[in-house]
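These notebook entries record what I looked up in the structure shown below. I began with one helix pair and then turned to a second pair, the overall make-up and two loop residues.

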Amino acid sequence: MYSGERKSLTLNRWVHEVEHFLRQSGIPQDQWTISATNRLEGTALNWFNARENTYHFVRWQAFTTQMRQYFIPPNETTRLMDERRKLRQGEGSLSTYVDKYRQLMLQLPHFHEVTKIHGFLFVLRSKIRMEIEKQQSMN
């Protein structure tokens with residue numbers, strides 16, 4: 001269920017899960033929007049009900065685009081990029097840093113792989129970074 005949380009990760013996860021369910025169920029794509037609205041609640045359902053008569057969401061792509069425009073704050077990418085820039089391993093564990101970095105990258109899918117890797121390595125403790133770079137050069 002999607003309740004209208006204003007986070008791209010939450011909305012994108014919901015879209016992905018609904019698409020997977022609809023494909024697996026064999027529901028024709030022209031019925032995806034009406035089928036997916038059964039998985040809305042709270043603010044998201046209110047949003048849909050208020051627009052249903054105006055937009056007549058026929059196409060899934062148009063529906064999900066409108067949802068993203070409404071529920072994902074316009075400054076979210078900037079906020080996530082700032083969060084990525086401030087993220088450091090510091091004295092914390094490597095696994096905690098990796099988890100946080102992965103969560104951020106899931107929300108910034110347009111980042112090029114080289115940028116992702118550089119950003120990840122750049123803020124590691126130098127000893128760990130050198131070990132990783134050494135392993136990469138051997139591959």
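Entry 1, helix α5 against helix α6. In this predicted model, I looked up the handedness first and found that α5 crosses α6 in a left-handed manner. I then took the geometry of the two axes: helix α5, residues 76-86, and helix α6, residues 94-106, come within 10 Å of each other and cross at roughly 155 degrees. Because an angle over 145 degrees counts as roughly antiparallel, I recorded α5 as roughly antiparallel to α6. Next I listed the residues that form the contact: α5 contributes Leu 80, Glu 83 and Arg 84, while α6 contributes Tyr 101, Leu 104 and Met 105. Sorted by class, this contact of α5 with α6 has four nonpolar and two charged residues, and no polar ones.

Entry 2, helix α1 against helix α4. I repeated the procedure for helix α1 (residues 8-25) and helix α4 (residues 60-71), whose axes come within 11 Å and cross at roughly 160 degrees. I therefore entered α1 as roughly antiparallel to α4. The handedness I noted for the crossing of α1 and α4 is right-handed. On the α1 side, I found Leu 11, Asn 12, Trp 14, Val 15, Val 18 and Glu 19 in the contact. On the α4 side, the contact is made by Trp 60, Phe 63, Thr 64, Met 67, Arg 68 and Phe 71. My class tally for the contact of α1 with α4 is eight nonpolar, two polar and two charged residues.

Entry 3, confidence. I looked up how confidence is distributed along the protein. The mean pLDDT of the protein is 84, and 89% of its residues reach 70 or more. Confidence is highest in α1, at a mean of 93, and lowest in helix α8, residues 126-138, at a mean of 70.

Entry 4, overall make-up. I counted eight helices and zero strands in the secondary structure, so far as the element order goes, running α-α-α-α-α-α-α-α from the N terminus. Of the 139 residues, 32% count as buried. I also examined contacts between residues at least 6 apart in sequence, and 60% of these join residues at least 24 apart.

Entry 5, Glu 41. Which loop holds Glu 41? I placed Glu 41 between α2 (32-36) and α3 (42-55). Its relative accessible area is 34%, so I recorded Glu 41 as partly exposed. I then checked its neighbours, leaving aside residues up to four places away in sequence, and found that Glu 41 touches Met 1, Tyr 2 and Ser 3. For Met 1, I noted a separation from Glu 41 of 40 residues in sequence and 6.6 Å in space, taken C-alpha to C-alpha.

Entry 6, Gln 29. I located Gln 29 in the loop between α1 and α2. Is Gln 29 buried or exposed? I entered Gln 29 as exposed, because its relative accessible area is 52% and the class begins over 50%. I last looked up its separation from Glu 19: the two are 10 residues apart in sequence and 9.4 Å apart in space, C-alpha to C-alpha. Glu 19 also appears in Entry 2, among the α1 residues in contact with α4.

Note on methods:
Residues numbered from 1 in each chain as written. Predicted model: local features only at pLDDT ≥ 70, side-chain atom pairs only at ≥ 80, totals over all residues. Heavy atoms only, no water. Axes fitted to C-alpha atoms, helices over the stretch in contact; angles between N-to-C directions. Helix = DSSP H or I, 4+ residues; strand = E, 2+ residues; numbered from the N terminus. Parallel < 35°, antiparallel > 145°, perpendicular 65-115°, else oblique. Left-handed = near helix turned anticlockwise from the far one by under 90°. Contact = heavy atoms within 4.5 Å. Nonpolar A, V, L, I, M, F, W, Y, C, P; charged D, E, K, R; others polar. pLDDT = per-residue confidence, 0-100. Buried < 20%, exposed > 50% of the residue type's maximum accessible area, 1.4 Å probe, protein only.
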